[in-house]
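Please work through the salt bridges of the protein shown here, taking each exercise in turn before reading its solution.

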Amino acid sequence: MSELVARTGRHQQRYEAGYRLIAGCIPFRFRNMEENGGETAEKIVEVLMINSTSGPGLLFPKGGWENDESVEDAAIREAIEEAGVRGDLVHFLGYYLFKSKTLQDKYSPEGLCRAAMFALLVKEELECWPEQRLRRRSWLTIPEAIQCCRHPWMRQALEERFSKWHDSGMASTMNNED
């Protein structure tokens, strides 16, 4: 088995109109809820969050979208590198603008970023992944994730797009495929 390695550096980073382009995802799975009798009552959705390497709180995998990949490929790569999960992108959640406090450069001197976010149905949790020594994974219910989410724009993606998409019943159709 070949070892996974995280991409580093900015030499292939995409920029547009002063914004660094970012790709990310909200990884999710379904878990059976059990009633007192041990019978399965319903399936609940859980989202996967990772710790931040630059402060308190949890976040979703995201990172730079590079010139040699599609935005979808970048989101999948970030899920593997940062959270150690593989899966299928099943829904585009939208674009989110934010200002990075730590990542200013000559192409985006103000640290402006535009993130494309997706819902990723997790199919596999890897035992080893590139940022394993830096990251801890946490599976949370949506209300728990809303409380722990470090970045307001990620909370918005979770509350306003992912939750509404899930509540519409679209995510449950993914669950019926197993």
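The exercises below concern salt bridges in this predicted model.

**Exercise 1.** Determine which residue forms a salt bridge with E16, and which strands the pair ties together.

*Solution.* Begin with the distance: the closest N and O atoms of E16 and R114 are 2.8 Å apart, and the cut-off for a salt bridge is 4 Å, so the pair qualifies. Next, place the partners: E16 belongs to strand β1 (residues 15-16) and R114 to strand β7 (residues 112-125), so the salt bridge ties together parts that are 98 residues apart in sequence. Finally, consider accessibility: E16 is partly exposed at 43% relative accessible area, and R114 is also partly exposed, at 22%.

**Exercise 2.** Find the salt bridge that E125 forms with R29, and say how many residues apart in sequence the connected parts are.

*Solution.* The closest N and O atoms of E125 and R29 are 3.4 Å apart. Since E125 lies in strand β7 and R29 in strand β2 (residues 19-34), the pair ties together parts 96 residues apart in sequence. E125 has a relative accessibility of 38% and counts as partly exposed, as does R29 with 25%.

**Exercise 3.** Identify the strand of R137, which forms a salt bridge with E125, and list the network that includes both residues.

*Solution.* For R137 and E125, the closest N and O atoms are 3.9 Å apart. R137 lies in strand β8 (residues 137-141) and E125 in strand β7, so this pair joins parts that are 12 residues apart in sequence. The network of salt bridges links R29, R31, E46, E125 and R137.

Technical notes: Residues are numbered from 1 along each chain as its sequence is written. This is a predicted model: local features need pLDDT of at least 70, side-chain atom pairs count only at pLDDT 80 or more; totals for chains, interfaces and linings use all residues. Side-chain values use heavy atoms; hydrogens and water are left out. A salt bridge is a side-chain nitrogen of Lys or Arg within 4 Å of a carboxyl oxygen of Asp or Glu. Helices (H or I, at least four residues) and strands (E, at least two) are DSSP runs, numbered from the N terminus. Buried means under 20% relative accessible area, exposed over 50%, partly exposed in between (1.4 Å probe, protein chains only).
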